[in-house]
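Work through the exercises below with the structure in view. Try each task before reading its solution.

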Amino acid sequence: MADPERRWCFADQLGPHFLDRKDQPVLLIESRAVLRRRRFHRQKAHLVLSALRHRAAELGDQALFVQAGTYREALARVRGPLTVCGPTSRAAAEFTAGLDGVTVLPSRGFATGREHFEEWAAGRDGSHLLMESFYRGARRATGTLMDGDGPAGGRWNLDKENREPPPPDGELPLPTPYRPEEDAIDAEVREYLDAAERRGEMSFVGRDGPRRFPATRTEARRALRHFVENRLPTFGPYEDAMLAADPAMSHSFLSAALNLGLLDPMECVRAAERAWREGAVPLRSAEGFVRQVLGWREYMWHVYWHFGRGYARRNALRARRRLPRWFAELDADSVDARCLSSVLRNVRDQGWTHHIPRLMVLGNYALQRGWHPAELSDWFHRCFVDGYEWVMAGNVIGMSQYADGGRIVTKPYAAGGSYINRMSDFCHDCVYRPTARTGEEACPYTGGYWWFLARNEERLSGNWRLAPQLRNLRRIDGLDDVVANERARRRP
Ligand SMILES: Cc1cc2nc3c(=O)[nH]c(=O)nc-3n(C[C@H](O)[C@H](O)[C@H](O)COP(=O)(O)OP(=O)(O)OC[C@H]3O[C@@H](n4cnc5c(N)ncnc54)[C@H](O)[C@@H]3O)c2cc1C
């Protein structure tokens, strides 16, 4: 007779905090359909399978590990009732809710509950749901970086100190980020994916390479420790900067481990706070990191559920162009613009790049060109090791593409080459000039920025934050030529 308390854990619920007891019986399912349905980055497919199989091996007899074509086929082989923590996608939530014998529990893996967000959102009265205000509530609710009733250090937000351009010598003097060592399970996964690809059962985007992200709880904890000791001290000042030779800079590389459920967000937050209280890192770095995890990550999770199914299809700017092949295929070598080529190369070779390249290089380019937001969302979901459906709603649809018409940000994240020039070292060695709008050297981001404004002038006319730029638009010499050049541009 099956144990009545068997906990079904999805492949992004792999940490101990998804169980009620250390010795609780577990069900793990590896469904081939998930990897066949979409063309994922090869390294993402590897990471997810490796993490799932490592968890099965670690649990031994405690886990029933079923490898099957679909979840339904797998469940048909399991006897007895199951419990499952609320899954992270709407489709999986609906699927589990409709199954006999499966009890769905509240979600885990986040620091704040749904009711916390809904109560806060209800108090906004239909106005913008800005992350900053949610974040302050989350700090209070979890007692993070607080001194009594107020923020530690007297200020909630240290962003102004945290927007430094990159250091002039082109890299930060830091040890390389934590890298796990592959083992026999990774070798098995590689062989399995190679064979599935050869048989035409699965197809991938991006290049294979050594696994760079944690697949076990032990590796994830090592990665967190390594980050706090080595990179957190400089996380704050350089969090928005980009360097061609140093894509990691001071970032934590923890998103994949967090999203697989190998780390609990509060343990990351507490580790950063502890390092600050012990005097090992400045407040601006600790706060900057806490803001990412307890602010942005939590906020994006709730945005996904709050706005409902239709949000992923929002297209307020009527952007309908298809993603070009070179972008979809991560063909970095065919791109001349140094920023885009470098960032696309990072995605191709490791399925990761930090926040600003995602927003201001990849997302910005798509926004300027009017690429379809849902198609772009699918691309981000598939091509990044940390990509999941819940992350796409707020980050891609809302923040990066302004496809919700400004529910979560006050203006579109569109910027010309001068922003990229200020925050990176990409431009000085580029064939394009960030200040040029026309001619051979016209920077695709600068021309693209004016094209974006010209195309959306009417739709954005009520946005007070864009009013100065929209006024400037009509003063641009040869605007029609700029627009025509950008419209005709095939590849940047
Ligand atoms: C267009 C776009 C797409 C994105 N897609 C993803 C994605 O698929 N998966 C993902 O986890 N993050 C995504 N992000 C958020 C962010 O870029 C990544 O979390 C971060 O770059 C991961 O690298 P890191 O672990 O070194 O992060 P750090 O810079 O070290 O930040 C620490 C942690 O904060 C969390 N975090 C910070 N910002 C966000 C955010 N906006 N949303 C969710 N979590 C956040 C992550 O868990 C991250 O590990 C996206 C952002 C944009 C603008």
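**Exercise 1. Find the contacts of Tyr-413 beyond its neighbours within four places in sequence.**

Solution. Contact means heavy atoms within 4.5 Å. Set aside the neighbours within four places; Tyr-413 then touches Leu-359, Met-360, Asn-364, Leu-367 and Met-399.

This is a predicted model: local features need pLDDT of at least 70, side-chain atom pairs count only at pLDDT 80 or more, and totals for chains, interfaces and linings use all residues. Residues are numbered from 1 along each chain as its sequence is written, and side-chain values use heavy atoms, with hydrogens and water left out.

**Exercise 2. Place Tyr-413 between its helices, then state its exposure.**

Solution. Step one: find the loop between α16 (389–400) and α17 (417–423); Tyr-413 lies there. Helices (H or I, at least four residues) and strands (E, at least two) are DSSP runs, numbered from the N terminus.

Step two: read the relative accessible area of Tyr-413, which is 29%. Buried means under 20%, exposed over 50%, and partly exposed in between (1.4 Å probe, protein chains only). Tyr-413 is therefore partly exposed.

Step three: compare sequence and space. Gly-363 is 50 residues from Tyr-413 in sequence, yet their C-alpha atoms are 8.2 Å apart.

**Exercise 3. Trace the pairing around strand β4.**

Solution. Two strands pair if DSSP finds at least two bridges between them. Start with β1 (residues 6–9): it pairs with β4 in the parallel sense over three bridges. Arg-6 stands opposite Leu-82 in β4.

Now take β5 (residues 102–105). It also runs parallel to β4, over four bridges. Here Leu-82 stands opposite Val-102.

Last, check the faces of β4 (residues 82–85): both are covered. Leu-82 and Val-84 on one side are buried, and so are Thr-83 and Cys-85 on the other.

**Exercise 4. Decide whether the radius of gyration of the protein chain agrees with a compact globule or not.**

Solution. The radius is taken over C-alpha atoms; the globule rule is 2.2 Å times the number of residues to the power 0.38. For 492 residues the rule gives a value near 23 Å. The protein chain has 23 Å, so the two agree.

Add the wider picture. The chain has 20 helices and seven strands. Its C-alpha trace spans about 80 × 60 × 45 Å along the principal axes. Of its 492 residues, 58% count as buried. Among contacts with a separation of 6 or more, 74% join residues 24 or more positions apart.
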